[in-house]
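Here are some worked exercises to try with the model open beside you. Have a go at each task before you read its solution.

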Amino acid sequence: MVPAKKPAKTVLPFKEEFDLSAAQAATASIGTTRAPAGKCSIECPRCPTSIPGFDRLVEGGLVCGSSVVLAGGCGSGKSTFAMQFLYNGAMTGEPGIYVTFEQEPQDLRDMAVRFGMDLPALEAKGLISIISVDPSKIMNLVKEGYGQIVEEVRKIGAKRVVIDSLSAFEVMLKDDFERRRVLFNFSRWLKKKGCTTILISEIGKSIANERQFDVSEFMADGVIVLYDVLQQSVRERAIEVLKMRQTKILRKICPFRFESNGVVVYPDEEIFTMG
Ligand SMILES: Nc1ncnc2c1ncn2[C@@H]1O[C@H](COP(=O)(O)OP(=O)(O)OP(=O)(O)O)[C@@H](O)[C@H]1O
Ligand SMILES: [Mg+2]
């Protein structure tokens with residue numbers, strides 16, 4: 001008698017970092033998952049950045065639990081904007097974590113204090129935590145399921161997270177598929193924990209039309225771009241929301257400035273017309 005053929009083992013194309021069951025991962029991996037019936041709601045809870053002028057561009061704030069790419073050239077104001085988002089959240093009782101692959105925590109504290117954000121006081125209260133990761137350790141971090149970040153999110157009950165920057169991942173994860181997988185799993189885990197996340201992305205050119213969009217921008221729920229526009233010999237800073245799922249966005253490039261309290265956006269003004 002011919003022995004019954006063993007059913008072929010499902011081979012997962014990748015290891016699931018987080019707590020999804022193997023069955024879900026297997027079906028998801030071959031693209032046949034039927035989405036479970038879910039609740040639909042027109043109400044979409046917002047997570048205000050409270051950055052002066054900005055929330056008017058996005059119906060009052062980022063969508064709670066969303067992952068938003070904040071892209072900009074060097075010195076365009078990415079870290080300041082992201083720090084204000086964390087700080088303003090912490091001031092209303094929403095703990096936040098700033099993960100930096102780029103800067104020393106003390107530099108970030110100094111930058112925040114210069115704009116009137118008393119970061120050390122909020123750190124002491126457990127409302128803000130800065131995690132500094134050596135870029136060369138990113139692969140370990142990914143392999144360990146983001147151990148250090150995950151632990152800190154749980155420890156302080158973070159509701160807001162900043163990753164500064166995705167470019168560090170891009171250097172380590174050259175393959176588009178791998179990067180998509182890693183970012184997707186990480187964003188999904190943060191969403192499950194109820195965290196609203198800003199993913200900082202460094203771009204080389206100041207005008208979005210001149211560049212290719214990155215995989216992360218297609219995957220993210222939202223994309224905000226910071227520009228440094230040049231007219232003759234004068235530069236002006238500007239901000240645009242390119243995409244924000246579930247949100248009617250103001251489709252306009254708005255000027256912004258660094259003021260004593262950090263970034264201030266002017267939605268009613270035009271670039272190069274402000275005094
Ligand atoms: N008080 C201020 N007034 C005007 N501009 C300021 C002030 N303080 C800092 N800046 C500008 O802010 C920029 C740095 O801001 P920030 O660190 O947020 O930018 P970034 O995009 O994160 O930079 P990087 O590419 O280095 O990460 C610099 O270009 C600096 O000139
Ligand atoms: Mg920065």
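Helices (H or I, at least four residues) and strands (E, at least two) are DSSP runs, numbered from the N terminus. Residues are numbered from 1 along each chain as its sequence is written, and chains are lettered from A and ligands numbered from 1 in the order in which they are written. This is a predicted model, in which local features need pLDDT of at least 70 and side-chain atom pairs count only at pLDDT 80 or more, while totals for chains, interfaces and linings use all residues.

**Exercise 1. Place serine 76 in the chain and decide whether it is buried or exposed.**

Step 1: Start with the location: serine 76 sits in the loop between E3 and H2.

Step 2: Recall the cut-offs. A residue is buried if 20 or more other C-beta atoms lie within 10 Å of its own, exposed if 12 or fewer, and partly exposed in between, with C-beta atoms placed from the backbone.

Step 3: Apply them. Serine 76 has 22 other C-beta atoms within 10 Å, so serine 76 is buried.

Step 4: Look for contacts, meaning pairs of residues whose C-beta atoms, placed from the backbone, lie within 7 Å. Leaving out residues up to four places away in sequence, serine 76 touches Leu226 and Asp228. Leucine 226 is 150 residues from serine 76 in sequence, yet the two C-alpha atoms are 6.1 Å apart.

**Exercise 2. List the residues around ligand 1 and sort them by character.**

Step 1: Collect each residue whose C-beta atom, placed from the backbone, lies within 6 Å of the ligand. This gives Gly72, Cys74, Gly75, Ser76, Gly77, Lys78, Ser79, Thr80 and Phe258.

Step 2: Sort them. Ala, Val, Leu, Ile, Met, Phe, Trp, Tyr, Cys and Pro count as nonpolar, Asp, Glu, Lys and Arg as charged, and the others, Gly among them, as polar. The shell then divides into two nonpolar, six polar and one charged.

Step 3: Ask which element gives the most to this shell. That is helix H2 (residues 78-91), with three residues.

**Exercise 3. Check the length of helix H8 and find its buried face.**

Step 1: The expected span is 1.5 Å times one less than the number of residues. For the 17 residues of H8 (residues 176-192) this comes to 24 Å, and the end C-alpha atoms are 24 Å apart, which agrees.

Step 2: Pick out the buried residues of H8: Leu183, Phe186, Ser187 and Leu190. Down the helix axis they fall within an arc of 100°, so they line one face of H8; the arc is that of the directions from the helix axis to the C-beta atoms.

Step 3: Recall the geometry behind this. An α-helix has 3.6 residues a turn, so residues three or four places apart point the same way.

Step 4: Turn to the surroundings. The cover over the buried residues of H8 includes strand E3 (67-72), strand E6 (160-164), strand E7 (196-202) and helix H9 (215-219). On the face turned away from the buried side, H8 carries the exposed residues Phe177 and Lys192.

**Exercise 4. Describe how strands E8 and E9 pair.**

Step 1: Strands pair if DSSP finds at least two bridges between them. Here 10 bridges join E8 (residues 222-231) to E9 (residues 234-244), and the two run antiparallel.

Step 2: Locate a facing pair: valine 223 stands opposite lysine 243 in E9.

Step 3: Inspect the turn. E8 and E9 form a hairpin with two residues between them, and glutamine 232 in the turn has a positive phi of about 50°.

Definitions and conventions: Contact = placed C-beta atoms within 7 Å.
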